[in-house]
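Please open the model in your viewer and set the side chains to sticks, so that rings and backbone can be followed in turn. The tour moves from one selection to the next.

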Amino acid sequence: MTTIRPMTPADADSVLDIYRLGIATGDATFETEVPDWDRFDRGHLPGHRFVAVDDTGRVVGWVALSAVSDRCVYAGVAENSVYVHLDARGLGVGTTLLRAVVDSSEADGIWTIQTGVFPENAASLALHANAGFRVVGRRVRLGRHQGVWRDVVFLERRSPVID
């Protein structure tokens, strides 16, 4: 059984380790190095960060929202990141985490969650589709990752409860 709870600074080592494992796959993010906790903390919205904890108390996944802009017109738009430990993939952890952050975002007036996923990351694309995200488009050769141009599939989930 997986429990979802708010992320705290005590989770820093586990969260950053799961992020490091995601970076190592080469298909999770343009990032190549794990930030320190202060930078990670500053980059994510308070109230919209959760961890999944297994029966042993081990953190097996996390989700967090980031602001897409500081312009007031985008106050209700956020970008999500979701990472699941290699040992916990395929167990519904990602789905449960996305559900938690969608619920928190809607309760806080966030009407759109967006994300970018490498097209090679089929698991993440399926996870987001199952959580109600739709493909908006494909950004071709958006950025270089380890010397290779990478495309990004741009997805969004518009809240059905916020007008």
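Which residue lies over the face of Phe118? Select Phe118 in this predicted model, and you will find Arg150 over the face of its ring, at 3.8 Å from the ring centre. Phe118 itself is buried, with a relative accessible area of 4%.

Keep Phe118 selected and add Phe30, which at 30% relative accessibility counts as partly exposed. The two ring centres are 5.0 Å apart and the planes stand at 80°, so the pair is edge-to-face. Because Phe30 lies in the loop between H1 and helix H2 (37-42), and Phe118 in the loop between strand E5 (112-117) and helix H4 (122-130), this pair ties together parts that are 88 residues apart in sequence.

By the rule used here there are 6 aromatic pairs. Next, select Tyr19 and Trp62, another edge-to-face pair, with 5.7 Å from centre to centre and 90° between the planes. Tyr19 belongs to helix H1 (residues 12-25) and Trp62 to strand E3 (residues 59-67), so parts that are 43 residues apart in sequence are tied together. Tyr19 is buried at 10% relative accessibility, and Trp62 is buried at 1%. Extend the selection to Trp37, Phe40 and Tyr83, which form one aromatic cluster with Tyr19 and Trp62.

Finally, turn to the backbone. Most residues other than glycine have a negative phi. Arg141, in strand E6 (residues 134-145), has a positive phi near 50° and is partly exposed at 48% relative accessibility. Gln146, in the loop between E6 and strand E7 (148-158), has a positive phi of about 50° and is exposed, with a relative accessible area of 62%.

Conventions: Residues numbered from 1 in each chain as written. Predicted model: local features only at pLDDT ≥ 70, side-chain atom pairs only at ≥ 80, totals over all residues. Heavy atoms only, no water. Helix = DSSP H or I, 4+ residues; strand = E, 2+ residues; numbered from the N terminus. Buried < 20%, exposed > 50% of the residue type's maximum accessible area, 1.4 Å probe, protein only. Phe/Tyr/Trp six-rings, centres within 6.5 Å; stacked < 30°, edge-to-face > 60°. Lys NZ or Arg CZ within 6 Å of the ring centre and 35° of its normal.
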